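This report is meant for a reader new to the structure. Please look over the sequence and the model before reading on.

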Amino acid sequence: MASTAPSMQKPGQTTGRKQRVRVVLLTAVIGPLDYAVPQGMTLTPGDIVTVPLGPRQLTGVVWEDERAETEDVEDSKLRPVIAKAGLPPLSDEMRRLAEWASDYYLASLPNVLRMAIPGSAALKEAREITEYSLKDEQPDRMTDARKQAYERLEGRQGTVRELAAAAEVSEGVIRGLVNGGFADTHLVPTDAPFDPPDPDADQVDLSDTQQDVANQLVDAIKEKSFAPILLDGVTGSGKTEVYFEAVAEAIRQGRQCLVLLPEIALTQPFLERFAKRFGTRPVAWHSGLRQSERRRAWQAIANGSAHVIVGARSSLFLPYQNLGLIIVDEAHETSFKQEDGVRYNARDVAVMRAHMERFPVILASATPAIESHHMAEIGQYQRLSLPARFGGAIMPDITPVNLIETPPERNHWIAPPLVEALEETLERGEQSLLFLNRRGYAPLTLCRNCGHRIECPNCSAWMVEHRLTHRLACHHCGHVMPMLDSCPECGAEDSLVACGPGVERIADEVAARLPDARSIVVTSDTIWSPAKAEEFVQQVTNNMVDIIIGTQLVTKGYHFPNLTLVGVIDADIGLEGGDLRAAERSFQQISQVAGRAGRAEKPGRVLVQTRNPEAPVIAALIAGDRDAFYAAELASREMAMMPPFGRLGALIISSEDQAEANEAARMIGHSAPDFDGFTVYGPAPAPLSMLRGRYRFRLLVHARRTVPMQKAIRDWLDPIKLPQGVRVALDVDPYSFV
Ligand SMILES: Nc1ncnc2c1ncn2[C@@H]1O[C@H](COP(=O)(O)OP(=O)(O)OP(=O)(O)O)[C@@H](O)[C@H]1O
Ligand SMILES: [Zn+2]
């Protein structure tokens, strides 16, 4: 769509024709359309406008005619633009970035643009948004829904819709309470300015190595040109302190700076740390923002009054007025990869954006992605290293616990050496962290009588028991059901058994073994908001917790000085799937969680439970030999021509009708192009063969680096007509293979 097809007229041209503009609508299904420019309105590419479409009024962006192809429509048929929004236009660079992302990720331009202009809320002229919070005084008549609202909201403030969503009740319930006088009304201004950060508020004394790296970052920013930098420093080396110097320089230059974080749960501690260093909080951008906060942040980002923005991957496509630096923290994190809609990788788009807008981009990590590491090896990225922990803290020792030699008892998961280590740590008054990347109590519930496994009705996946909430949940579609007393298949009572451990089950085991220990379970089920994350950090920092039991959520970013023991419950889990990045991901995850131990004066140790201590990943972790692991992994990728040496693209074909999905996949497979350097594998049923009620088939494209893979895929799929019910999702540089 964003191709450069010639068109009949030039922008703004008036040769005998009425003034017209081409508009890319933010609605995915319709291509660009031409509109008449009303008398007295001047429009140039990038302007955000409201236009009519049938009976509706839609938001769109004025585009260059020659860059957006459409049918030529006579003047007399054109409808006029309704209004030009009082917003800064999308810059040339921003439009080129959107076109690039659309081309590269095989996504429609409107879908990309919707990430830049999220929702009409940001566009509304409203200066104030009305929010409500429930008063203490409650109505006499309490329904279950009302009770639930009072329980869940706890003084929370938001629009009716936001409160209803947070309480999981209908908007009618909230509206009833508001109308009954049981809520306070707050008028929230949405254009209040943010405090400017002070680059010199509270500087720390950097070590010589840190200072040296910081100077190089500052120099790069002064250059005002593209510079991709891999900030490669071991866990606890002070990467954050060092890149704060780069942030300070960007602030001094009057340029905006974006810090991308992988997880919303990480933003809260980060905001505080930032406030300490710069005297005020940065502007946050993530999916948890209220509408009023979102609008305020968007406006400030677009008009340049937001100086430093901290956000999840979605903040990357926002229309910054004057961006001069992007930092991707924990840049190896797979959560930078978006897995629906536009399937982009924020790390890669960050580099592209920096390239197009000519400023430095810093990828910070202790365990860089293989791809980033490779780019540094071949000199495309500059590597700046922090090889030691700050303040003389030493890296923790990693020791294997062989689960075959010293197995845990039946139906237990913590082997004797780890139990002992937990006891010792507790006795010393220090903290431990147990890592298992599985939410809930048990990943599978099975009937002892008939062997039936409880599966999600919408997905080919097991329902996961969550004992804390007495529910079974599907982690793929979110379907939940109450715990069952009897087998739904054979009806046997008390026959259902939990198989395998999740973090909740480990917590039970800890409680039984170490009854005096105060433990906390940390997963997305328990830390689902910035406030919860803050509470968690406070509890641990104030030594109100002895043992943290958590998923990947606790592997990164946190700095707890009194935490000296890390136990990995099952180091082999991550290798089971065997996909392209299984070894890399396991290595990164275990290194990161190990990196939480012994970050201050007290030395840390790490026990890794495994059935296979000789596996290359485990052996490299124990030997502490990252570079050997990376070298071996790169060599094997090169042999197989896998990324970064070759390229992959995935097609996921789905339909609610299995036969239809199968037929469409077969047809697409049949018409696959076949030429040197471009190979198509499949179709085959996806490993997750049903998801959210849709049957799924996959094709995998493997292409040589020199082959224009996206163009070949586009040319292949464009002429194919598919039934209404079939969807084809395209995933360029895929991370997920399920
Ligand atoms: N120069 C310094 N002066 C004082 N404290 C420092 C300095 N450098 C680092 N620290 C402290 O050391 C701890 C670790 O630093 P930081 O969090 O920046 O490391 P990191 O490399 O980002 O770690 P990770 O990759 O494990 O998240 C923090 O508490 C930080 O405040
Ligand atoms: Zn499901």
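The text below covers a helix pair, a group of annotated cysteines and one strand residue.

The model is predicted.

**Helix 6 and helix 7**

Two packed helices are described by the angle between their axes and the distance between the axes. Helix 6 spans residues 208-223 and helix 7 spans residues 239-252. Their axes come within 9 Å and cross at roughly 30°. Because angles under 35 degrees count as roughly parallel, helix 6 is described as roughly parallel to helix 7. The crossing of the two helices is right-handed.

On the side of helix 6, the contact is made by Q210, V213, A214, L217, V218 and I221. Helix 7 contributes E241, V242, Y243, E245, A246, E249 and A250. Sorted by character, the residues of this contact comprise nine nonpolar, one polar and three charged.

**The annotated cysteines**

An unreviewed UniProt entry carries the annotation "binding site" for C456, C459, C474 and C477. These residues span 22 residues in sequence, yet no two of their C-alpha atoms are more than 8.6 Å apart, so they gather at one spot.

Two of the annotated residues, C459 and C474, can be described further. C459 is found in the loop that runs between strand 17 (444-447) and strand 18 (464-466). C474 lies in the loop between strand 19 (471-473) and strand 20 (480-482).

Leaving out residues up to four places away in sequence, C459 touches C474, H476, C477, L688, M690, L691 and R692. With neighbours within four places in sequence again set aside, C474 is in contact with C456, N458, C459, A461, M463 and H479.

**L58 in strand 4**

L58 is part of strand 4, which covers residues 56-63. Apart from residues up to four places away in sequence, L58 touches L25, L26, T27, V51 and L53. I82 is 24 residues from L58 along the chain, and the C-alpha atoms of the two are separated by 9.5 Å.

**Burial**

Are C459, C474 and L58 buried or partly exposed? A residue is buried if 20 or more other C-beta atoms lie within 10 Å of its own. The table lists the counts.

| Residue | C-beta neighbours within 10 Å | Class |
|---|---|---|
| C459 | 22 C-beta neighbours | buried |
| C474 | 20 C-beta neighbours | buried |
| L58 | 19 C-beta neighbours | partly exposed |

C474 has 20 such neighbours and is therefore buried, while L58 has 19 and counts as partly exposed.

Definitions and conventions: Residues are numbered from 1 along each chain as its sequence is written. Chains are lettered from A and ligands numbered from 1 in the order in which they are written. This is a predicted model: local features need pLDDT of at least 70, side-chain atom pairs count only at pLDDT 80 or more; totals for chains, interfaces and linings use all residues. Axes are lines fitted to C-alpha atoms, for helices over the stretch in contact, and angles run from 0 to 180 degrees between N-to-C directions. Helices (H or I, at least four residues) and strands (E, at least two) are DSSP runs, numbered from the N terminus. Angles under 35 degrees count as roughly parallel, over 145 as roughly antiparallel, 65 to 115 as roughly perpendicular and the rest as oblique. A crossing is left-handed if the near helix is turned anticlockwise from the far one by less than a right angle, and right-handed if clockwise. Two residues are in contact if their C-beta atoms, placed from the backbone, lie within 7 Å. Ala, Val, Leu, Ile, Met, Phe, Trp, Tyr, Cys and Pro count as nonpolar, Asp, Glu, Lys and Arg as charged, and the others, Gly among them, as polar. UniProt positions are given in the numbering used here, feature names are shortened, and annotations may be inferred rather than shown by experiment. A residue is buried if 20 or more other C-beta atoms lie within 10 Å of its own, exposed if 12 or fewer, and partly exposed in between; C-beta atoms are placed from the backbone.
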